Amino acid sequence: MPVREGVYGLLAEFNTPSELVHATEMAHRAGYRRMECYTPYPVEEAAEALRFHKTGVPLMCLIGGIAGLITGYGLEVWINVWGYPLNIRAMPLFSWPAFVIPGYEWTILFAGLSAAFGMLAQNGLPQLYHPLFNAPNFASGATTDKFFLCLEAHDPKFSATETRAFLEKFSPVSVVEVDH
Amino acid sequence: MIDPRTGEYAVIAPGHNFRSVTQKIAGIVLTPNTPMAWWGGLFLAGTIAMGVVIGVTWLVLKGVGIWGVSIPGAWGFAIINFVWWIGIGHAGTLISAILLLFKQQWRNSINRFAEAMTIFAVCCAGMFPLLHVGRPWLGYWLLPYPNSMNVWPQFRSPLAWDVFAVSTYATISVVFWYMGMIPDFGTLRDRAKLPIAKYFYGLLSLGWRGSTRHWIRYESASLLLAGLSTPLVLSVHTTISFDFAVAAMAGWHTTIFPPYFVAGAVYSGFAMVLTLAIPIRKFYHLEDLVTLRHLDNMSKVMLATGSIVAYGYAMEVFMSWYSASHWEFFMMWNRMFGPMGWAYWVLILTNIAIPQATLWWRKCRVSVWWLFVLSFIINIGMWFERFVIVVTSLYRDYLPSSWGTYRATKWDYMLFIGTWGFFTVLFLLFARLAPMIPMSEIRMMLPQTKVRPGGATADHVVEEAL
């Protein structure tokens, strides 16, 4: 658990995604690991520069889907065979083709909810407070048209002066220190 | 305007950057001045929506006997309106899910309000079967839950499948819609001046901050939801068509129903998207973002689905002859030339003749006023399609001794027209309070997004794009 006081990190602001990706790539090569890009739309190249490829969302979705299928189909079979057996047009109690559609719908329902809520959970959202919102330029630009790179203070390589000098090399609009 | 490089209309008018599109879209929501026309529209739509309030109240007090449903016409306006509204919703899912999977980037501008249209249409649709069961306050009996009566749903009936299909569809649509808005709520939170707006958009954004790791997971979830919604939307109208096709009723008992229903749903849904998009782009001056390219493409989708629908009609006529079934043959004759034959010809005129006669020409496909008129024509036609399917099969069935007729009462009309108002009220509130066009997706379509190795500055990128 990182310390929740003092400096959170150094935040560099860029005007274009290209500058951001370049700086991120260089920071990674220089050995920084605890860092994150903030962009107003998804920039896949930034994720590559961060070496972030795999997400757990598809697996959660798959597990949710399987759970939904088993729950939905199992429920139908239990109801129609054991729980409340009814003779309808002399069809077999276990008329499996008739059970396909509700089972299918529950598969989609569970898979979809797992994907959406799993994504939020993995992202740690909702999280209404974050130190970065303390930076005025972040609040006005990160969700509109600016591109940010934050090198975080709990990176072993982080040093308030050297990291700042490192970031200044990429001619950002500004480099600001963000507090917790 | 036509892009000289592709020969197509441009998806976004040139000259926009990240800031200008954000300002344009967020400005509609964040402006302190609500346009008078919006208030006027809300007042008018709210007045019409009173039809729902009065209609439902009286229905609950008196029972479904106030409607025109009786034997043999046991399914009247309620089922027609249910199928019509839910069909309208399908275009929203098609745009948000299927076109996303096909990487049709032009869909980005119309995606959000088409999805909103889906949800509001499903709200209107869901009302009807719930009221049609007779005792809407016992509607939860449709769900499988342990109860003291020891009764469970009967899963061999398509009506039970419908409950699952429609409830899943409503849930997934709401989740997909809201998830799509999270980053945009973040933008609104950051741009809002009013403290209360900041507060509520802040809550709705869940603290979104545009982190790249978040974006990658978000994109992954979006793609998965699109992949799940695609079979879902096809299954929903398929299941609704099973309500008819599984019944042993002449005119219903056909295998062409699922594809023909789905195509019809998309057809009417795109017409409704046009009905909404054309006034919105005019009123909020969004012609740069919802361009002629969008109208052209939507018309093409309508042309394609309209042709499938026409094929469906032709195949119904053919099968009624080819089946050599006396009842099928009579049903089709009665549908065309019986006492309600006029409804069949209205539907042929509005769903096939008029659209097919115009949409093949690009001049008509990009004529804004014509598309606006046509969107109403098609939706009237699609309503008549459901009317013809439901009513003309039922009111003269196998035994002439049980023949009857169907006449809707004023309560049927009141509730149906009321749902138009209800839908419009919901849509107006959405247009005022939520971003109608997904800002993050529009930003992704701009030339400035191109990443150059070595860190090109803004000037380089714009120069290259030009």
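The lining of the largest cavity divides into three nonpolar, six polar and one charged residues. This cavity belongs to a predicted model. About 70 Å³ of space lies inside the largest cavity. Its lining consists of Gly92(B), Thr93(B), Ser96(B), Glu115(B), Thr118(B), Ile172(B), Ser173(B), Phe176(B), Ser229(B) and Leu232(B). Four elements of chain B give two or more residues each to that lining: helix 3 (77-101), helix 4 (108-132), helix 5 (158-191) and helix 7 (212-245).

The structure holds five cavities of 30 Å³ or more. The second largest cavity has about 50 Å³ of space. Around the second largest cavity stand Met249(B), Ala250(B), Trp327(B), Phe330(B), Met331(B), Ser393(B), Arg396(B), Asp397(B) and Tyr398(B). Helix 10 (residues 326-337) of chain B gives the largest share of this lining, three residues. By class, the lining of the second largest cavity has six nonpolar, one polar and two charged residues.

**The largest pocket**

The largest pocket has a volume of about 1,100 Å³. It is lined by 40 residues, and the closest to its centre are Met272(B), Thr275(B), Phe376(B), Trp420(B) and Thr424(B). Several helices of chain B take part. Helix 2 (36-62), helix 3, helix 8 (257-283), helix 13 (368-394) and helix 14 (410-433) each supply at least two lining residues. Helix 14 of chain B gives the most, with ten residues. By class, the pocket lining has 33 nonpolar, six polar and one charged residues.

The table sets the three spaces side by side.

| Space | Volume | Nonpolar lining residues | Polar lining residues | Charged lining residues |
|---|---|---|---|---|
| Largest cavity | about 70 Å³ | three residues | six residues | one residue |
| Second largest cavity | about 50 Å³ | six residues | one residue | two residues |
| Largest pocket | about 1,100 Å³ | 33 residues | six residues | one residue |

**Where the chains meet**

The size of an interface is often given as the accessible area lost when the parts come together. Here, chain B and chain A bury about 6,000 Å² between them. Of that area, 67% is on carbon and sulfur atoms. Three arginines stand out on the chain B side. Arg156(B), Arg209(B) and Arg217(B) supply 15% of the area that chain B buries against chain A, more than any other three residues. The contact takes 65 residues from chain B and 68 residues from chain A.

**A contact across the sequence**

Leu223(B) is part of helix 7 of chain B. Beyond its neighbours within four places in sequence, Leu223(B) is in contact with Leu100(B) and Leu101(B). Leu223(B) and Leu100(B) are 123 residues apart along the chain, yet their C-alpha atoms are separated by 7.8 Å.

**Cysteines**

A disulfide is a covalent bond between the sulfur atoms of two cysteines. The structure holds zero disulfides over all chains. Why does Cys150(A) form no bond with Cys37(A)? The closest cysteine sulfur to that of Cys150(A) is in Cys37(A), 9.8 Å away, so the two are too far apart for a bond. The cut-off for a disulfide is 2.5 Å between the sulfur atoms. Cys150(A) is buried, with a relative accessible area of 0%. Cys61(A) also counts as buried, because its relative accessibility is 7% and buried means under 20%.

**Backbone details**

Two cis peptide bonds can be described in turn. In chain A, a cis peptide bond joins Leu125(A) and Pro126(A), with omega about -5°. Pro126(A) sits in the loop between helix 4 (100-123) and helix 5 (136-141) of chain A. In chain B, a cis peptide bond joins Ile71(B) and Pro72(B), with omega about 10°. Pro72(B) is in the loop between helix 2 and helix 3 of chain B.

Positive phi values come next. Arg89(A) is not a glycine, but its phi is positive, about 50°. Arg89(A) lies in the loop between helix 3 (57-83) and helix 4 of chain A. Is Arg89(A) buried or exposed? Arg89(A) is exposed, because its relative accessible area is 64% and exposed means over 50%.

His285(B) is also a residue other than glycine with a positive phi, near 55°. The loop between helix 8 and helix 9 (292-322) of chain B holds His285(B). His285(B) has a relative accessible area of 51%, so this residue is exposed.

Definitions and conventions
Residues numbered from 1 in each chain as written. Chains lettered and ligands numbered in written order. Predicted model: local features only at pLDDT ≥ 70, side-chain atom pairs only at ≥ 80, totals over all residues. Heavy atoms only, no water. Buried < 20%, exposed > 50% of the residue type's maximum accessible area, 1.4 Å probe, protein only. 1 Å grid on protein atoms, 1.4 Å probe; cavity = no way out; pocket = protein on both sides within 12 Å on 5 of 7 lines; lining within 4 Å. Points joined across faces, edges and corners; volume = space filled by probe spheres on them. Nonpolar A, V, L, I, M, F, W, Y, C, P; charged D, E, K, R; others polar. Contact = heavy atoms within 4.5 Å. Buried area = accessible area lost by both parts, 1.4 Å probe.
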